[in-house]
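Open the model in your viewer and keep the sequence panel visible. The stops below say what to select next and what is there.

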Amino acid sequence: ETVLPLVFWMFLAGAIAIGWQAGDRADRRVLLTIFVTAAATSAAHNLAEYPLSNIVVVLIDIALLIFVVRYALVSDRHWPVWFAGFHAASIILSISGILLPKGDNDWLTIGAAFWALPALAFMAAGLLMDQRRGIRNTVQ
């Protein structure tokens with residue numbers, strides 16, 4: 001039970017480190033927001049009981065989705081679109097999990113958490129590809 005959160009935090013730290021190195025100031029604001037919301041969702045799970053914890057997590061995730069979509073609309077980067085899509089899938093599974101009784105929703109919770117991995121991978125890969133191609137962000 002403690003291995004999966006550790007793997008997530010290591011993956012998050014690696015993706016953020018790669019993105020921080022490859023991105024610019026506007027990208028870094030989004031990266032920082034992603035990190036802060038990950039910490040907030042972790043705190044919500046640790047400090048609140050089900051179903052309140054899951055409701056708080058969904059609200060935090062929706063706020064992150066709005067932030068990333070707004071960035072995708074004003075930026076010429078492609079990674080925020082991919083990130084938003086994977087994150088939206090996670091939110092849909094999380095909401096579905098809230099609607100089911102505890103115990104029946106375990107696979108939805110795992111599925112929702114899974115979508116963070118491709119979202120972070122596409123974020124890091126997209127920023128690296130933009131850096132290697134010399135593509136500059138129009139948002140500062």
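In this tour, Ala, Val, Leu, Ile, Met, Phe, Trp, Tyr, Cys and Pro count as nonpolar, Asp, Glu, Lys and Arg as charged, and the others, Gly among them, as polar. This is a predicted model, in which local features need pLDDT of at least 70 and side-chain atom pairs count only at pLDDT 80 or more, while totals for chains, interfaces and linings use all residues. Residues are numbered from 1 along each chain as its sequence is written, and side-chain values use heavy atoms, with hydrogens and water left out.

**Stop 1: colour by confidence**

Colour the chain by pLDDT, the predictor's confidence in each residue, from 0 to 100. The chain averages 94, and 99% of the residues score at least 70. Confidence is lowest in helix 5, with a mean of 89, and highest in helix 3, at 97. Helices here are DSSP runs (H or I, at least four residues), numbered from the N terminus; strands would be runs of E, at least two.

**Stop 2: the largest pocket**

Select Pro5, Phe8, His45, Thr109 and Ala113. Of the 44 residues that line the largest pocket, these are the closest to its centre. A pocket is found on a 1 Å grid over the protein atoms alone: it is an open set of points where a 1.4 Å probe fits, with protein on both sides within 12 Å along at least five of seven lines, and lining residues have an atom within 4 Å of a point. Its volume is about 1600 Å³, where a volume is the space filled by probe spheres set on the points, and grid points are joined across faces, edges and corners.

Which helices should be shown around the largest pocket? Show helix 1 (3–22), helix 2 (25–47), helix 3 (52–74), helix 4 (79–99), helix 5 (106–114) and helix 6 (116–133), since each supplies at least two residues of the lining. Coloured by residue class, the lining of the largest pocket divides into 25 nonpolar, 15 polar and four charged.

**Stop 3: the second largest pocket**

Next select Asp76, Arg77, His78, Trp79, Trp82, Phe122, Ala125, Gly126, Met129, Asp130, Arg133 and Ile135, which line the second largest pocket. This pocket holds about 200 Å³ of space. Helix 4 and helix 6 each supply at least two residues of its lining, and the largest share, six residues, comes from helix 6. By class, the lining of the second largest pocket has six nonpolar, two polar and four charged residues.

**Stop 4: aromatic rings**

Show the side chains of Phe, Tyr and Trp. Their rings (for Trp, the six-membered ring) pair if their centres lie within 6.5 Å; planes under 30 degrees apart count as stacked, over 60 as edge-to-face and the rest as tilted. The structure holds nine aromatic pairs. In one of them, Trp9 and Phe35 are edge-to-face, 6.0 Å centre to centre with 75° between the planes. This pair links distant parts of the chain, with Trp9 in helix 1 and Phe35 in helix 2, 26 residues apart. Trp9 is partly exposed, with a relative accessible area of 28%; buried means under 20% relative accessible area, exposed over 50%, and partly exposed in between (1.4 Å probe, protein chains only). Phe35, at 38%, is also partly exposed.

Now move to Trp82 and Phe86, a tilted pair at 6.2 Å centre to centre, with 35° between the planes. They are four residues apart in helix 4, so about one helical turn separates them. Is each of these residues buried or partly exposed? Trp82 is partly exposed at 46%, whereas Phe86 is buried at 15%. Add Phe114, Trp115 and Phe122 to the selection: ring pairs link these with Trp82 and Phe86 into a cluster.

Then select Pro118, found in helix 6. Pro118 is buried at 14% relative accessibility, and its C-alpha atom is 8.8 Å from that of Trp82, 36 residues away along the chain.

**Stop 5: Tyr50 and its neighbours**

Select Tyr50 and Pro51. The peptide bond that joins them is cis, with omega at about 5°. Most peptide bonds are trans. Pro51 is in the loop between helix 2 and helix 3. Add Lys102, which lies over the face of Tyr50, at 5.1 Å from the ring centre; a charge sits over a ring if NZ of Lys or CZ of Arg is within 6 Å of the ring centre and within 35 degrees of the ring normal.

**Stop 6: an exposed residue**

Finish at Leu99 in helix 4. Leu99 is exposed, with a relative accessible area of 68%. Its C-alpha atom is 39 Å from that of Arg25, and the two residues are 74 residues apart along the chain.
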